[in-house]
Amino acid sequence: EIGEKIKRMLQLDCCEGKKLLNITIASPGKINPTDYSYVYAPRIKDYSKTNLHDFYKKMFGVHVYVYNDVNIGLIGERKYGKSIDNAKNVFFVHIDITAGSALILNNRLYYGANGFAGEINSFNDFDNISTDLNNWRFLTITDVCVETREQANRDPSHPLFNREQVKFEEVCDLLESGDPLVTRVVEKIAKYEALQLLCVNNILDLDDLVIEGKILLLGDKFKQ
């Protein structure tokens, strides 16, 4: 239908004697920058079988470019808007039926390692860990100890019951021994951290994420 509308538009008097040079499409979803296929586009039916580049190139015989709609929105705002025309570092957020974002870093549109940067819509609602921990920050070994103490103080049979302070080494020892309460705490905090890191990766589209510090002493229960 869109293709037919383009054909009719090209037949208008205002287009007489003018040649169609290319077609640029702004579309929601993750788009492969190499062949313009959809990697992920939940708002487009059968997106894995859809390639707008190939379809319109075959129809019109011109160069066709397909870009993420929010990236195009940021470029448009940068060129024609008033608020960010001189800004060199911009985080642009689109909030509608879904949400998306785009970034300009050091005066250049930032695509990420694979061309998928800006996926703010992949942010997750985190399960409650505790009132104090349910916030937007990375958790530390202190948080692991505090959460373990709070959970243990609800269980009179637990070896850490009624403790004012829990040491991280104690948590590691109990985790290694298979203590169910500590295992639940560590797995939940690890999930929280993983979701936080996933959000960062989805925005920046990184090649690698590196975790360092004593938190790694929690071993496979944490890293997996």
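How are helices α4 and α6 oriented to each other? They are oblique (angles under 35 degrees count as roughly parallel, over 145 as roughly antiparallel, 65 to 115 as roughly perpendicular and the rest as oblique).

This is a predicted model, in which local features need pLDDT of at least 70 and side-chain atom pairs count only at pLDDT 80 or more, while totals for chains, interfaces and linings use all residues. Residues are numbered from 1 along each chain as its sequence is written, and side-chain values use heavy atoms, without hydrogens and water.

**View 1. The crossing of α4 and α6.** The axes of α4 (residues 141-152) and α6 (residues 180-204) cross at roughly 135 degrees and come within 10 Å. Axes are lines fitted to C-alpha atoms, for helices over the stretch in contact, with angles from 0 to 180 degrees between N-to-C directions.

**View 2. Residues between α4 and α6.** From α4, D143, V144, E147, T148, Q151 and A152 meet L181, V182, V185 and I189 of α6 (contact means heavy atoms within 4.5 Å). The residues of this contact comprise six nonpolar, two polar and two charged.

**View 3. Confidence along the chain.** The average pLDDT (the predictor's confidence in each residue, from 0 to 100) is 86 for the chain, and 91% of the residues score at least 70. Among the elements, helix α2 (residues 52-60) has the highest mean, 96, and helix α7 (residues 220-223) the lowest, 81.

**View 4. Residues 128-134.** The pLDDT over residues 128-134 is below 50, and the stretch has 19 contacts in the model beyond near neighbours in sequence. Where pLDDT is low, predicted coordinates should not be read in detail.

Definitions and conventions
Helix = DSSP H or I, 4+ residues; strand = E, 2+ residues; numbered from the N terminus. Nonpolar A, V, L, I, M, F, W, Y, C, P; charged D, E, K, R; others polar.
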